[in-house]
Structures are given as C-alpha cells and as structure tokens.
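Visitor: I should be grateful for a close look at the nonpolar interior of this protein. Please describe it in a connected way, and mention any unusual backbone features as well.

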Amino acid sequence: VSMVRQAATRRKPLVYLGAGVALAALLAVVLFAGVGSRGGPQGLASTRQEVLSPDTAPGINASTGLLLSLTVLHQQQPAAPPFRLTDQYGHVVSPASFRGKVVVVSINDDRCQDLCTFYAADVVRANQDLGAAAKHVVWLSVNANPFYPAVSAVRTWTDEHGLAGQHNWYFTTGSPAALAKVWHAYGFYVQLDHKTRTVSHSTEQFFVDPAGHERAVGEFGAASASTALFAHGMAQMANDLLPASEQVHVAGPETPAPSGSNATVGAPAPPLALHYLQGGRGTFDLAGDRGHYTVVNFFASTCTVCRTELPALERVYHFARSKVDFVGVDVSDRASAARALLARTGVTYPVVSDPNGTASGAEQVTGLPYTVIVGPAGKIVIRHPGGFTTEQLEYLLEGDVPSLAPPS
C-alpha cells in the first residue's frame, strides 16, 4: 500500500553521510510508520507529492531501498532543472542532451579522495550490472569544487578513479557562478572553506526518467561502501525507469534483510575466534570487542592489492586506535609468507590466521582484500570489497565514531 505525503520543502541535503545505517533506520520509520516532511536549506522551499511504499520501486526490495535511502516520487513531477556545463572532454552537455535515456544527476568534488571515490566504483559496478541497458543510462555528475573548476581537473579525477572507460559517465564543470546555480536548482548543499580551498557537500543522486522528470532521490553515505549492494540498487532504479522494451535483468546482489546468519549490513557479525599470527599471543575473539568499533580486514600474501592496502590501514590504525580496534585476518595462506608481508608493510595491529578460510567463508568474503566494520553492538555497519585508501577509511570511521571527527 502506498502512502502519499506533501513535502514541506524541496529536499533535505545530507552532508558527509557517516551515519548511513542510522539514516536507513530513520527512513524505515518514514516508509512504514506514516507521514513525514523533508527539510532543506532556506530558499529551496517548494511543494511536491511523494509516493512511498515498502517496495520502493518495482525491481527494488525494501532493504535495497533503505540502503539507498530511496524516495520514489510521484510520476507527475516537474521536469528536472536544466543546466549547461562542460564535461571532462570539453563538450557542453545538459540533462536535455540525453532525452530518451535515464539520467542520474549527482555531485562530486574533483579533489575528493574519500567518499566520491566510492561513488566512482559504484558507477563502474552499476554499469556491469546493467549490461546491455547501460547504453540507455547516463551518470551525469556536477563539480562541487569551485576552487578547481577547470575541465582538466574533472578529466584528471575521472581518469584516476577508473571512469575513463565508462562511456556513459559525464563529469561536468563550469564557472563558480554556473556551478552554484546548479547546486541551488537541485538543492545540493555545498559549504566552502576559502582558507583551505576545500568543500563539504551533500550527497543526493536524482533519477530522471527518459522524459526528463525527476522520479526518485537517493542518498550516498557510509553504508554505500558496500559496493556490490549499493551499485545493484543504483542500476535497478535506473532500469526501472526505462521503457519495458529496454529493461534487462539487473545483475548483482540485492540487499537481504539482516538476519542472524547472512552477514549483511545490519546483521550480527558471524563469530570470529582465531589464533594470532604474530605468535605466542593466544586467540582473538571478536565477541570480546563489544562496545567498540572493530575494523576486520581479510587479506593474503598472494593478493597484490593487499600489499598496497596494508600500509594505508596501518596509518589509520595509528590515527584511530584509541577509539577503534583493528584486526587483520590472513586467509588460506602460508604463515611464513604472511609474516614476511606484515614485516615489509610495517603492520603493527593484531593479525590472526584463518588457514582454511572458515572465517572468511562465514563472513561471505567474495575476494581479497575485503574489510568489514563491526559496530559496538556486534552488528555489521560496513562491508567493503576491494582496497581502502587511508582517506576513505578515515572518512568512514570519522562518520561513525564522533569522537574521531576533527573539530568543526
């Protein structure tokens, strides 16, 4: 059964969405409990009808909708605000340039090394999940950083974060005044620090149908580090807006509802009790870490990406170890090779051995490296396949552990 509500303001920006799981819980109250309103910065007020239901879109289950913090809008929405900006290859584009396709409008900082980099990975994975339908979907991003508005800056960011080969990715920029006009039109919140030439910004993504109308709004936050799940949701929402003749079966996993055995975001972490690899230090038991955030990183000496990631984790460990526990899990590896890798990379946080892959199997690790962050109540708050950079992991921890956040 759908619920119709009147929005008091155009939309509410979410800045640095570290509390992604808490946000999902809040949205669940709206989805299942009744009528609410959405706030926003002054000057962005308008009136609109929004339609919400447990099945937030035809192909999206409730858990995936909550992961995206997805709001599906009434079909009779006004057209998405127009703009004309220059993409990473110097071409002037606008939402109207892609009429007949689904357009997903987002905002990204072309100097960002943390949250926006997760979005880049999700776009790549969403295209894989869409398969043949990717040619009917456009990822149209607007520069959030007016201190670096050059076309070369958005081109460099695109190339550095694996998007150069994604032919439906457009990272647009323009003069600071032109960028600010787009932010205002869409309700993106951007805060500028002129002293450091840095920005903080909200993280909405707007799904625009082939006729040019906004049809859904999602939020990108810390929980979005679960790339496979979040990318599938992005791809499925885009696919749902295509004409039936262009729709495909979207690959990738849907977000399952958390349970005691499925190791997904929000579920209790599986038991993990293993002997320390560094020798003579007994057994690490994850259950004994209740009350703390714990970063659990699965790796092996045969994993090339792991060799780059381990020093990054070590740097964050030194930054956060008074508030956050760290443990490495060496998977199906020779102990001597693992110890040699730890010595080479300077790892000093505790590391345990999972010689038969039992623990990684229980955690449903799909490849190495793989990181799981467990909250104080023993539930999984983040699952991240692939390597972390120092900036990415610091960002996620600062969002979830308030005492780690730098002073405002």
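**The nonpolar core**

Guide: In this predicted model, the largest nonpolar core has 72 residues, and the members that touch the most others are W139, V324, F326 and L397. Helix α3, which spans residues 115-130, supplies the largest share of this core, with nine residues.

L397 may serve as an example of how such a residue is surrounded. Leaving aside residues up to four places away in sequence, L397 touches V295, V316, A320, V324, F326, I373 and L404. Two of these partners, V324 and F326, are themselves among the residues named above as touching the most other members of the core. Another core, of 25 residues, lies apart from the largest one, and L179, W183, F206 and V217 are among its members.

The backbone also deserves attention. The loop between α9 (358-362) and β18 (370-374) contains P369, and a cis peptide bond with an omega of about -5° joins L368 to P369. Q364 lies in the loop between α9 and β18 as well. Although Q364 is not a glycine, its phi is positive, at about 60°. Q364 counts as partly exposed, because its relative accessibility is 41%.

S69 is likewise not a glycine, yet has a positive phi of about 50°. Its place is the loop between α2 (62-67) and β3 (71-72). The relative accessible area of S69 is 7%, which is under 20%, and therefore S69 is buried.

How values were computed:
Residues are numbered from 1 along each chain as its sequence is written. This is a predicted model: local features need pLDDT of at least 70, side-chain atom pairs count only at pLDDT 80 or more; totals for chains, interfaces and linings use all residues. Side-chain values use heavy atoms; hydrogens and water are left out. A nonpolar core is a set of buried Ala, Val, Leu, Ile, Met, Phe, Trp, Tyr and Cys residues joined through side-chain atoms within 4.5 Å. Buried means under 20% relative accessible area, exposed over 50%, partly exposed in between (1.4 Å probe, protein chains only). Helices (H or I, at least four residues) and strands (E, at least two) are DSSP runs, numbered from the N terminus. Contact means heavy atoms within 4.5 Å.
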